[in-house]
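Reader: I am new to this structure. Please pick one helix, look closely at how its residues pack, and then follow the chain outward from there.

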Amino acid sequence: MFAIMFGLGATGFAQSNQETNPFLSEYTTPFKVPPFHLIKLEHYIPAFEKGIEEQKKEVDAIINNPKAPTFENTILALDKSGRLLTKVSAVFYSLNGAETSPEMQKIAREIAPKVTAHRDNISLNEKLFQRIKSVYENRDKMKLNALQKRTVERYYDDFVRNGANLSESDKEKLREINQKLSQLGLKFGENLLDETNKNFILVIENPDDLDGLSQDIIDAAAITAKQFGHDGKWVFTLQKPSMIPFLQYSKKRELREKLYMGYLMRGNNNDKFDNKAIILEIANLRAQKAKLLGYNTFAEYVISNNMAKTPEAVYNFLNEVLEPALKAAEHDRDAMQAIIDREGGNFKLAAWDWWYYAEKLRKEKYDLDESELKPYFMLDNVRDGMFYVATQLYGITFTKRTDLPIYHPEVEVFEVKDSKGKHVGLLYLDYHPRPGKRVGAWCGRFRQQTYENGKKITPIVTIVTNFTRPTATTPALLTWDEVETLFHEFGHALHGLFTDGPYDRIAGSVPRDMVELPSQIMEHWSRQPQVLKVYAKHYQTGEVIPDALVEKLQLSQTFNQGFATVEYIAASILDLDWHSFTEPRQVDVMQFENESMQRINLMPEIYPRYRTPYFNHIVGGYAAGYYVYLWAEVLDSDAFNAFVETGNIFNREVAEKFRKHILSEGGNDDGMVQYLKFRGKAPSIEPLLKNRGLK
Ligand SMILES: [Zn+2]
């Protein structure tokens, strides 16, 4: 693409950059969507650079303003700064995830340090902070409305949490700590990558040792063996798609043990890939950082910014769910032991046996075969099913648009309108894997809702997934997991579409432990029999999914949830324990983990989902925050119950409140305050326990 454009330029067709770079002037497309047909690789870097330059000028204008700091000349000016940078970033980073190339990655590497340095120049700008602080300290005298006051407080907090209030020497200490933390984090991740992908494989030479495995698992293992230079043999790795099927189906108990122990010992082999000393140093540096910033522990520093507010609240919550989860897990363990005994196995169930006997138990209890479901989940039908739910709840409609530029021929665009036909925003859907697409599923945006001079600019959101492709003879048929994923991401999309507020800093900005409420609640509708009857139709016959299958699907939802909940909570508590140091400590890392797990009476058949030397989440962005998914699940289960309680899962009155207080205005106040406005009472844990079959 680069070469072609260069050729055009050389023959004189291309105009100067300023005139042809679509980022540098207003888009002229319908709804001002990004003109993908005009955006070329060479437009990004100049647009990023211009965007940085513009925001730098805007910030300079704020700090050089001779007038006393006010909401308008400081907070609002900052809030509205950096428009061009936001505009080009939204397109570039979306496409770098959904449709990247070596050229895009090269641009990303070139631009990252520049953008980071630019952001640091703003967040560490002393003069800017002094103006923000002045507004903050005078905010009660300034006749600000509630939203303006909250915006001031959020900006002030952001700066303070970054160390803006520290003395020069303490700032220097903080910078050193951050520097060390980022280096240690990289090293931890690199070690883990080697420990997962290189340092351990299970090589099988004797076909007898494949006993129990289906042909597709064996075939995949043969391909893996080739990659590792073991032609003609079979290789299983510590990657979950390779390991889990082996644990589920291999009849060779000693090999299950070998593979699972390889997994459990990652980063803990006392060699150059060992992560124990690294994680201890990270925990200690974070304890120092928390102290510098005025908190007792790092967990306090993180959670004070969340809905839960205090580590105690999180511990209490986790322990409350843990108790029934342990009971359910013990119950399943006993049922599996009974199978072992019945089969004449003369041993006690161990951690590496769990998956294998869970599969036997699943077959005994539900007899549900995933392949029975798939024909009912044609992608287009599932999509229409989720649109149907949104129409029932919020009265919005979805109209396919084929007149807008798209970045890949497979992308679909829908215009979202409210019940009166007014434009709400646009939704881009991009379903299938491609070589340039990152794995997983996510919801992003090409444009965030905002206000310009009092006028609303509508959002453009995207859902990107990696779902099964259609074949020559069958349309795209989804697995149950993919169905739930689509509804989940659609929930994030609705959040983006409905967000409404004049200040970018707070509009749509909900605390971390609330982010998954809008998404996870949509999963509840996906599995309601009444909704399944609308979208789950056989792709060949059009026959609606039979009741018996719906029932099996519903029952299987709670299967093995004791195990899943226990291993998740164990990891969440381990995370909190590592971030509860009030000062640096010298501990034996594995002994610390064992004691932590003994305190919660973790059963020996279950390990925390992540053990300390390979708990990458807590090294990265989820430090003292691994709990957030389950916390949000309390909210989504309780919120969905608000509908159920009325006897109508599409109750418009409840939907209207949810839309207003959570989706549109969720960032306007503390998470719990917004939740109370919606629900009228604090969330109860009961619906979650019931959904997980723990009660
Ligand atoms: Zn999500």
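Author: The account below begins with one helix and its partners, then moves to neighbouring loops and to the core.

The model is predicted: local features need pLDDT of at least 70, side-chain atom pairs count only at pLDDT 80 or more, and totals for chains, interfaces and linings use all residues. Residues are numbered from 1 along each chain as its sequence is written.

The helix is H11, residues 240-249. Helices (H or I, at least four residues) and strands (E, at least two) are DSSP runs, numbered from the N terminus. In H11 the buried residues are Met243, Pro245, Phe246, Leu247 and Gln248. A residue is buried when 20 or more other C-beta atoms lie within 10 Å of its own, exposed when there are 12 or fewer, and partly exposed in between, with C-beta atoms placed from the backbone. Those buried residues pack against four elements: helix H10 (215-227), strand S2 (234-236), helix H12 (253-264) and helix H16 (354-365).

The pairing with H16 can be described further. The axes of H11 and H16 come within 6 Å and cross at roughly 60 degrees. Axes here are lines fitted to C-alpha atoms, for helices over the stretch in contact, and angles run from 0 to 180 degrees between N-to-C directions. H11 and H16 are therefore oblique to each other, since angles under 35 degrees count as roughly parallel, over 145 as roughly antiparallel, 65 to 115 as roughly perpendicular and the rest as oblique. The crossing of H11 and H16 is right-handed, a term used when the near helix is turned clockwise from the far one by less than a right angle, anticlockwise being left-handed.

Ile244, Leu247, Gln248 and Tyr249 of H11 meet Trp355, Tyr356 and Glu359 of H16; contact requires C-beta atoms, placed from the backbone, to lie within 7 Å. By class, this contact of H11 with H16 has 5 nonpolar, 1 polar and 1 charged residues. Nonpolar covers Ala, Val, Leu, Ile, Met, Phe, Trp, Tyr, Cys and Pro, charged covers Asp, Glu, Lys and Arg, and the others, Gly among them, are polar.

From H12 the chain reaches a loop that leads to helix H13 (276-292), and Asn270 lies in that loop. Asn270 has a positive phi of about 50 degrees although it is not a glycine. Most residues other than glycine have a negative phi. Asn270 is exposed, with 8 other C-beta atoms within 10 Å. Lys309, in the loop between helix H14 (298-303) and H15, also has a positive phi, of about 75 degrees, and is not a glycine. Lys309 counts as partly exposed because it has 17 C-beta neighbours inside 10 Å.

Helix H15 spans residues 311-342 and holds Met336. Met336 is partly exposed, with 19 other C-beta atoms within 10 Å. Leaving aside neighbours within four places in sequence, Met336 is in contact with Leu349, Tyr357, Ala358 and Leu361.

Finally, the largest nonpolar core has 151 residues, and Ala325, Phe377, Val382, Val566 and Ile569 have the most contacts inside it. Such a core is a set of buried Ala, Val, Leu, Ile, Met, Phe, Trp, Tyr and Cys residues joined through C-beta atoms within 7 Å. Val566 touches Leu322, Ala325, Leu326, Ala329 and Ile606, not counting residues up to four places away in sequence. Apart from this core lies another of 14 residues, including Val59, Ile75, Leu78 and Tyr155.

Notes
Contact = placed C-beta atoms within 7 Å.
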